[in-house]
Amino acid sequence: MPFSPRRLLRRLRSMLPSAAPAAAAAGEEEEEGERRPWEPPFDASQPAPPISYPITTLAALASRAYLSEAGNFHLPFNRASSSPRAAPLPPRRRILACHDFRGGYRDDAAPQGGHDPGAYALWHWHLIDVFVYFSHYLVTLPPPCWVNAAHLHGVKVLGTFITEWEKGAEICEEMLATEASAQMYAERLTELAAYLGFDGWLINIEVKLDIQFIDNLKEFINHLTKTMHAAVPGSLVIWYDAITIKGALDWQNKLNEYNKPFFDLCDGLFSNYTWKAKYPQESAVVAGERKYDVYMGIDVYGRNTFGGGQWNVCERISKFCLTNVALDLLKKDDVSAAIFAPGWVYETKQPPNFRTAQNRWWGLVQESWGVLQSYPKQLPFYSDFDQGHGYQVSIEGVKVYGAPWDNISCQSFQPMLKYAGDRGLQTVINFEDEPYSGGNCVTVKGSLQQNEIFSEQLFNGGLSMEGESVYVFYSVKADERSGLGLSLDLSSGNNESSSILIADDTAAFTRKKQHRKYGSYVKADKAEPHTPVHQNWVVYKATIQPSAGFTLTGINIVCTMKTTSGTDPETDGDGSSEAGANRSLHYHASLGHVSIRNTEETEFPPARSWVTEGEYISWSNGSDESKLASLKISWELENKQQAPFMKYNVYVEKLTADSNAKAPRIFLGVASVQVFYVSDLEVPSEVTTLKFFIQPCGRDGSCQGLHECPKFHLVPVDSAM
């Protein structure tokens with residue numbers, strides 16, 4: 001591929017020891033001359049399939065044009081559906097993951113999702129405290145899909161404000177011309193974060209400035225931090241180590257007297273990544289009580305980063321990532337880490353495939369630092385393990401869509417699997433079989449001894465139990481002899497611990513020698529689903545009454561072989577005979593979802609409680625005599641209260657004049673907010689009415705019956721005449 005002068009400069013700069021990661025990775029994956037969707041002749045005021053996009057000029061930032069619903073059709077689609085993480089960061093070392101993926105705004109720039117099941121995503125949220133969405137545009141606004149997935153898992157999300165090169169210096173001089181202008185631009189950034197629902201900003205001033213602008217730069221940081229804290233409790237402003245207090249562009253690679261004045265005005269420092277072994281400890285000394293606010297940069301690409309990045313082989317361990325060399329040192333020195341460009345695994349096509357390589361890479365991070373997040377922390381808790389992409393979509397056991405898709409907003413709580421490959425049984429995320437809900441399920445497969453109980457942790461919890469009844473729902477699809485249940489780990493403040501095993505066939509577990517590890521057993525009964533469940537999924541329900549004062553600390557998948565009478569002459573019926581107990585048998589079972597709640601049924605508002613509206617309705621000619629319909633559908637409760645729903649499934653029926661003809665119900669997609677854009681929906685000439693269904697889904701995973709949910713009717717233009 002030919003180099004432009006700008007590309008060549010970037011490549012050369014990436015080789016310099018002091019180059020910042022922001023500059024080193026700039027634009028390397030963009031095709032020469034590629035026009036991004038928001039570049040001219042893009043008109044944000046015109047209806048179109050929604051996109052996420054950055055703000056590229058100071059004038060646009062100052063004008064508040066992005067936040068104008070009249071001037072920005074895409075605005076309501078770009079609000080996060082989840083609230084910012086109000087809790088402060090924990091007083092311990094932390095991991096910040098800085099997204100840097102092909103210039104930003106790729107598949108993730110479609111708030112309603114796309115059609116690439118191999119699109120880049122993260123699902124190891126339990127190893128992260130802060131996620132930064134990064135690109136080289138002036139104001140990088142995180143697409144809502146990242147905010148929704150991160151917030152679900154307790155991770156804060158920051159946008160990026162960056163100035164670089166000669167143009168960046170000009171921007172800074174204009175922005176920092178006066179104290180008032182510095183404050184005004186800080187307020188514009190705060191407004192954006194507060195309205196769109198993310199948690200703050202990474203500030204990267206990567207230019208040389210005359211000393212006369214430094215006081216106003218400090219005021220910009222100070223005012224941004226104060227206004228962010230006031231508008232978004234728990235928010236963060238983090239300073240990138242580039243410019244010094246003298247105005248020089250001189251990466252320090254640690255916290256010292258040249259960048260501490262900026263650090264003192266905000267919530268943290270993201271150091272450049274070419275630091276030396278003694279720098280973390282030196283930074284900790286300078287930071288004092290705020291040592292956890294120092295995030296030492298690690299470039300996964302390995303560009304002069306400490307330890308080398310990537311996953312070069314270490315002599316003493318056959319599988320070792322040199323990112324861990326840096327992480328292990330930071331762990332010893334007890335400061336935080338900023339991992340830059342973890343998308344390296346995807347962009348460099350690490351073998352054997354992205355999913356396996358990413359699980360392995362983050363698994364090495366976990367080996368070094370352990371698990372940082374815990375969930376569930378509150379009820380209701382629900383997970384169908386959806387990673388936000390797949391080849392089909394199911395809802396409560398019914399397949400509704402059979403084509404490839406991606407939408408990170410659809411991520412459910414992600415299990416904390418270790419993905420070990422050297423055991424008789426493997427626990428995997430299964431995209432091949434039809435799931436119970438979402439795009440995948442958890443499958444345990446392989447060989448299991450007759451007398452063995454296999455267990456693997458799914459979630460590392462921190463949920464206080466109040467001594468009241470708790471209802472556990474889960475779905476299973478299994479071979480006849482493969483038994484699957486759940487176990488709940490409980491602990492109390494006085495170091496008491498216990499566990500509850502839940503299964504439809506508890507006898508299959510109590511027969512085994514390992515059963516003594518469980519304190520009690522609860523039989524699960526088949527639950528009556530709201531809709532017919534297909535694909536051999538069975539939904540179970542159990543009621544438990546944990547003692548007050550206990551905390552749910554773990555949720556585990558538990559597997560064993562059932563004994564089927566008359567099918568195994570080598571066992572004595574309890575799975576314990578010497579001849580049969582040690583035989584390895586084929587095991588295959590899937591877990592579709594887990595829902596833990598303190599109510600048996602979810603109450604949904606009736607259809608009459610909703611107000612639905614269609615706007616920007618347009619018609620165009622399709623193939624043959626068909627029409628193409630495009631429109632924006634919105635809905636809200638008539639009392640204007642915030643609807644407490646996790647998402648909305650959107651369907652359409654194409655009705656004809658023949659009342660006896662049953663129109664198929666077509667799944668259109670998922671909305672995380674109370675608006676959905678329908679683009680170029682084909683409408684055959686015989687269709688007289690389009691009937692749209694908006695199906696609310698609760699935080700416990702239950703969905704309202706389609707006959708009871710809000711609807712919107714649209715009459716095709718020719719039919720109305």
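These legends go with close-up views of a predicted model.

**View 1. Helix 6 packs against helix 7 in a right-handed crossing.** Two packed helices are described by the angle between their axes and the distance between the axes. Here helix 6 covers residues 179-196 and helix 7 covers residues 214-231, and their axes come within 8 Å, crossing at roughly 30°. On the helix 6 side, the residues in contact include Glu179, Ala182, Ala186, Leu189, Ala193 and Ala194. Facing them from helix 7 are, among others, Asn216, Phe220, His223, Leu224, Met228 and Ala231. Look out for Glu187 too: it's one of the helix 6 residues that meet helix 7, and it turns up again in the next view as part of a salt-bridge network.

**View 2. Arg64, Glu187, Arg188 and Glu191 are linked in a network of salt bridges.** Zoom in on one pair here, Arg188 and Glu191, whose closest N and O atoms are 3.0 Å apart. Both sit in helix 6, and because they are 3 residues apart, about one helical turn separates them. How buried or exposed are the two partners? Arg188 counts as buried, at 7% relative accessibility, while Glu191 is partly exposed at 25%. For the wider picture, the structure holds 17 salt bridges.

**View 3. Lys399 and Glu434 join up through their side chains in a salt bridge.** The N to O distance is 3.7 Å. Lys399 belongs to strand 13 (residues 398-401), and Glu434 to the loop between strand 15 (425-430) and strand 16 (441-449), so this pair ties together parts that are 35 residues apart in sequence. Lys399 is partly exposed, with a relative accessibility of 38%. Glu434 is partly exposed as well, at 28%.

**View 4. A salt bridge connects Glu653 with Arg665.** Their side chains meet at 2.9 Å, N to O. Glu653 comes from strand 28 (residues 647-656) and Arg665 from strand 29 (residues 665-671), so the bridge ties together parts that are 12 residues apart in sequence. As for accessibility, Glu653 is buried at 9%, whereas Arg665 is partly exposed at 39%.

**View 5. Asp386 is a buried acid without a salt bridge.** Find it in the loop between strand 10 (381-383) and strand 11 (389-390). Where is the nearest side chain of opposite charge? That's Lys647, and it is 5.5 Å away. A salt bridge needs the side-chain nitrogen within 4 Å of a carboxyl oxygen, so this pair doesn't make the cut. What does Asp386 touch, leaving aside residues up to four places away in sequence? Its contacts are Trp405, Cys410, Gln411, Ser412, Gln414, Gly438, Gly439 and Asn440.

**View 6. Strands 26, 27 and 30 make up an open antiparallel sheet.** The 3 strands run in the order 26-27-30. Strand 26 (610-621) and strand 30 (675-683) are the edges, each pairing on one side only. From one strand to the next, the twist averages 20°. Between strand 26 and strand 27 (residues 627-637), the antiparallel pairing extends over 10 bridges. To get your bearings in this part of the sheet, pick out Glu615, which stands opposite Lys632 in strand 27.

Technical notes: Residues are numbered from 1 along each chain as its sequence is written. This is a predicted model: local features need pLDDT of at least 70, side-chain atom pairs count only at pLDDT 80 or more; totals for chains, interfaces and linings use all residues. Side-chain values use heavy atoms; hydrogens and water are left out. Helices (H or I, at least four residues) and strands (E, at least two) are DSSP runs, numbered from the N terminus. Buried means under 20% relative accessible area, exposed over 50%, partly exposed in between (1.4 Å probe, protein chains only). Lys and Arg count as positive and Asp and Glu as negative; His and the chain ends are not counted. Contact means heavy atoms within 4.5 Å. Two strands pair if DSSP finds at least two bridges between them. Axes are lines fitted to C-alpha atoms, for helices over the stretch in contact, and angles run from 0 to 180 degrees between N-to-C directions. A crossing is left-handed if the near helix is turned anticlockwise from the far one by less than a right angle, and right-handed if clockwise.
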